[in-house]
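Welcome! Please take a moment to look over the model shown here, and then we can walk through the surroundings of its ligand together.

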Amino acid sequence: MSALRMTLNGRPVEVEVHEARYLSEVLRGELGLKGTKIGCNEAECGICTVLVNGTPVSSCVFPAYKAQGANVETIEGLSADGGLHPLQQAFLDQGAVQCGICTPGMIMTAKALIDDKGAALTEDEIRTALKDTYCRCTGYGSIVRAILQAARGESRDDSGRASASSPVGQPLPNPNARAKIDGTARFTDDYEFPGMLYARTKRAGVPHARILAIDTAAARELPGVQAVLTHEDVPGHNRHGLVIDDWPVLCDDKVRYAGDAVAIVAADSEEIAAAAIDLVKVEYEDLPVVGDALRAAEPGAPLVHDGRSDGNLLKHIKVDKGDVEAGFADADVVIDRSYRTQSAEHLFLEPECSIGIPAGFDPGEFGGQVDDDAVRGETARHAKTTIYVGSQIPYQDRDQAAAALGVEPDAVRIVATLTGGGFGGKEDITGQIHVALLAEKTGRPVKMLYSRQESLLVHPKRHPTVIRTRVGARNDGTLTAVQATLYGDAGAYASLSEKVLTRATTHAAGPYEAPNVKIDCFAMYTNNVPSGAFRGFGVTQSCFAIESTMDILAAELDIDPVELRHRNALDIGRTTSTGQALRESAGLRECIDKVASDMRGDDFRWTWDEGDRRFAWGVAVAYKNTGLGGGAPDRATAEIEVWRGDETHAEVRISSAEMGQNLPGVLAACAAEELGVPVRNVRVLLGDTDVCPDGGPTTASRQSFVSGNAVRMAAQKAAADQAEHVLVRYDYEAPQTRPLGAGGDMHFAFSFGAQAALVEVDMTTGEVHVRKVIAAHDIGRALNPLTLRGQIEGGIVMALGYTLTEHYIQEDGKPWTNLMARYKMPSIEHAPEIVSHVVEHPVAAGPYGAKGAGELPSIPTSAAITNAICRATGVRVHSLPVDQDELLRACAAGVDTIELGWGDLEPIPQVALGGRT
Amino acid sequence: MTVMAQASSNRWQHYYTPATVEEAVEILQRYDGEARVVGGGTDLLVETRRGLHKPVSAMVDVTHIDGLGEIAVEDDYIVIGCGVTHSQIVRNPHIIEQGSCLAESCGVIGGPQVRNVGTLAGNVAHALPAGDGTIGLLALGGEIEVAGVDGARWMPLQESFKGPGKSFIDRYRQVLTRLRFRPTGPGEGSAHHRVMRPQGLCLPIISMGVRVALDADNVIGDARISMGPVGPVPHLAEPAMDVLIGKPATAGQYAKAAAVALQNVELRASKYRATREYREQMVRTFLPAILERAVERARQGLS
Ligand SMILES: Cc1cc2nc3c(=O)[nH]c(=O)nc-3n(C[C@H](O)[C@H](O)[C@H](O)COP(=O)(O)OP(=O)(O)OC[C@H]3O[C@@H](n4cnc5c(N)ncnc54)[C@H](O)[C@@H]3O)c2cc1C
Ligand code: FES
Ligand code: FES
């Protein structure tokens, strides 16, 4: 130990710290400044950025003693005197804060830039300076606007809006954003409890093997180790799963993917826990590996789950409408093409973290106070086993943890903390059950924080798919038949595969009316990382296939691609592939018109050259269901408490997840609207299963609709009761839907969208840049335009990454993508100009007409980009992500298709229409 | 509270920030192979965190040495101390003018946070086949000064490379203290270009630097071409340089140089990075392009 002296946020500090510590650790640890966040510990993400002598550095690889004598600034120093720094204000005003995990680093990077450049700061300079400070939520547009606002000393007066009597439809900032811009917002890893232990997980490391023996003796003997648990120590049900309970809490008979959990350790420090994990010895008998979905379907393929009568088939999902063969016979042109999409990682910037607190925990025993905030000021004692986690589905976390603990669901409490990004990747269980088991075993709080590398290895990804699409049309462009066959790699466990791939299947014919449709989708178990929910929920994949094929068809028929889409577009009076007749709220044609007229503007050209760079436009459309649908009851329960005095105040309670999509703001607006009070008088509590009733899962773009309605109706009832103190609980059930195959309404609403992408292809390198995206989305009603813009920009940039930069590569069950350095999401340099048109075709049952908006914007983007690439270069991209090397060589060789995406080693496998079975 | 309970394998015990070269060398000698030189740490510490290096007892940070945090313009050389970061180089007006290809090559490294702490000395000592700063300095004909118990000596940069990631600089016992190059004068110019892909590891597909001297008759008097990754160490493309020297500065001549450069190296495919064909094409496209740019700069100095 030595003394580290520095000037920290203007004040001299001196701390005794070990010389091997990094600055981020000292700031967050000894100095208790939790505003500096950790996303990777690899110098990749930039969210740990602080200023050392005025210069941005990544504090996670900056040795603390390098800062000896230096002037260090962190987010906490920015508003030290109580007022907000202009940057902080601008981030609020522009809605540049979503999940908020990147915000401190982003603001600090920007502060150095503004200090340097002042009011003359340009957008190009911002792009250069922020190149390595990543944000997964916003798509960067709002961040650029905020930095420019701050640099120019502009301000936006929103005070009137917050007190407006009709908050619905107003661009109100997220009520949680205030804490996220000054570093006081707390994510799970920011919580500390007296006596807390640190946990780690022993991972399989091999994709498929039988467990012969697990030896934990050496780990148990290591000083500082408090518990080592294996499957034998799971008191209840040793399986979890959102649809099928096939995922072991701790593996017993076999391991089925490299990230499987075999043992867990709790110790006095992270270092000891890590050392103990290395001492756990597992003896395996290797089994043959099932490396992809098509291999899994081969007769005689090794079985991932023994004893299943269907082999590796998790589910065969079918859509059948009319008679496709008759439809093809009727067609003048038939296009038959195959596509492949890759596995993709959510890369939420906050890695998974859970804290378990044993039932009856008394902090006094460890000489400590629980900080009140930690339990929302409600109680300092934990009567029940309590799990703190940034969860997307608090009630399901609770039920799964209770089952593993062998207790009633009500004996477990989930406190959902702020979530540093989810996008579907935080729906499954990761450490929740493990910390509960360890906490109960040791009688102490236990924190389990995944490293970025562990996060990459463990949580479910986007489904890799192979999709063959066959489309028939008449010479005038009218579709006569659509057939598609999909193989989806579900990975080792079921997770949400069945649901995700159902969505891929039902949307595979695109947002069109086709009289004859036949889709077969095979969800296959493999020894890859499980696939699960990811924004777009399977539709992203099938949209890429159908929308690529539609452009090929347009070229074949020599019809304008916009016109072809318009002609076949779903509309009121038309019927979806699953036989749902649309009766309201189908604004696709208006979306197409808006995008087309904006794109066509003055002297429009589809394509042109500037030196070695070739520019072209591409168009695609999409639709996406709102809500669970398929006959599943879709419910949410909301509670509202109203106090009437000089002013009326209300508290809304509903267990749903805020991941930065501004659910609290939207719900507060709904309540305020009904109660006729300013929105600032409404407080929203989310995600504590003991305080908030069940809002259902935060998935399927359902929160605004289902939870929004629950809150709106609760508030209506409360408004009708003029008592001084009113408490209303309202169970909302969304309109009934029907199962797939039963015809009728499979979903209670669909959102529609069209996008045009302008790409630039550098013909010397094959590099692709997206310069502009024009989008129009029919989301029923914009409940909050600021939030909506954030969802649209964030969704489009996320999809751009999926199209151009991202591939989670697995080689025969072994992830090559084992570092953040090997997975590139879009940086600010990739972010295009985005023009967004909002189309409002209200849905009667939705809150104020709204339907889902969270996923749609990320769906049509991929095909819009590859359609543009094809127009620019003549080369059709069949595999994502686009590989500049393949593209350039194809151009040089005059080849018109490429089958290898970046990271692919083999061409797209041949799939028989209708599948092998 | 997280406490460092015991030294784990990827941590050290002591972190030294010596103020003189002598002190740095003395500490290294005292630790006898158990201490390692660290610059900005943007390579070393990222790798250390991943457990890729043999554990050491001490880190010797050489970025706080008096006088070595600066760029000095001396009579014949521009001299860069081992504490100098890429950001300092990119902003330095002398290097922008008279060592353009170094400013350009350091400018493409990482993002601002990496450039703000990463050093050119670290880039060189790391000895990757295509460290960008290294490629830039190699084209300029850079030299490095290495100090150890036996004192300090200057040597040509290319003599320090031993293999991929392997350097003749003993990073446990020696300090690369300074780097220098002759600034380009009138009639001289330099340029750098790198081709990357937006996916996967941040490693170049090809990184190339050139330095040319031009006479008033548009004849190339001298030329240096550096490139990587084309083999285990950063490569000086001597046959291609010979093609240019004494010849007129024309597009045809540049293309010939690129062809000869390709004949004399074995470009390889690397998984998830580039095919051989693509790499070759990039050399054919961009070697002439940077020759053209360097010649253009040389011409400006002549007029
Ligand atoms: C996100 C990211 C992106 C990057 N992008 C690029 C890129 O685009 N191009 C590129 O070339 N590099 C890149 N790098 C690598 C790295 O930043 C550079 O190579 C940098 O120049 C290394 O310098 P450093 O001072 O940080 O070296 P260190 O990490 O401190 O040291 C590197 C090696 O050199 C030794 N060493 C350092 N200084 C000395 C000295 N004075 N004497 C003797 N030995 C010494 C160390 O022992 C170690 O072996 C990137 C790194 C990161 C994290
Ligand atoms: S760069 Fe430091 S945590 Fe990611
Ligand atoms: S707001 Fe930037 S990562 Fe979530």
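How far does a polar side-chain atom of B:Thr119 lie from an oxygen atom of ligand 1, and what is the distance in Å? In this predicted model, the two atoms are 2.6 Å apart. The protein covers 95% of the 970 Å² of accessible area that ligand 1 has on its own.

B:Thr119 has company in reaching an oxygen atom of the ligand. The table sets out these contacts.

| Residue | Atom of the residue | Distance to an oxygen atom of ligand 1 |
|---|---|---|
| B:Thr119 | polar side-chain atom | 2.6 Å |
| B:Asp43 | polar side-chain atom | 2.6 Å |
| B:Gly41 | backbone N or O atom | 2.7 Å |

Now let us step back to the whole site. Ligand 1 sits between chains A and B, and 33 residues surround it. The closest of them are B:Arg36, B:Val37, B:Thr42, B:His86 and B:Thr119. By residue type, the shell around ligand 1 splits into 14 nonpolar, 13 polar and six charged residues.

Which parts of chain B help to build this shell around ligand 1? Strand E2 (35-38), helix H7 (120-126) and strand E10 (175-181) of chain B each contribute at least two residues. H7(B) gives the largest share of the shell, with five residues.

The domains of chain B offer another way to view the site. Domain 1 (2-61) and domain 2 (71-181) of chain B each provide at least three residues of the shell around ligand 1.

Key:
Residues are numbered from 1 along each chain as its sequence is written. Chains are lettered from A and ligands numbered from 1 in the order in which they are written. This is a predicted model: local features need pLDDT of at least 70, side-chain atom pairs count only at pLDDT 80 or more; totals for chains, interfaces and linings use all residues. Side-chain values use heavy atoms; hydrogens and water are left out. A residue is near a molecule or strand if one of its heavy atoms lies within 4 Å of it. A polar contact is a pair of N or O atoms within 3.5 Å; within protein, one must be able to donate a hydrogen and the other to accept it, and residues adjacent in sequence count only if both atoms are side-chain atoms. Accessible areas come from the Shrake-Rupley method with a 1.4 Å probe; for residues, only the protein chains shown count as cover. Helices (H or I, at least four residues) and strands (E, at least two) are DSSP runs, numbered from the N terminus. Ala, Val, Leu, Ile, Met, Phe, Trp, Tyr, Cys and Pro count as nonpolar, Asp, Glu, Lys and Arg as charged, and the others, Gly among them, as polar. Domain bounds come from an automatic or database domain assignment.
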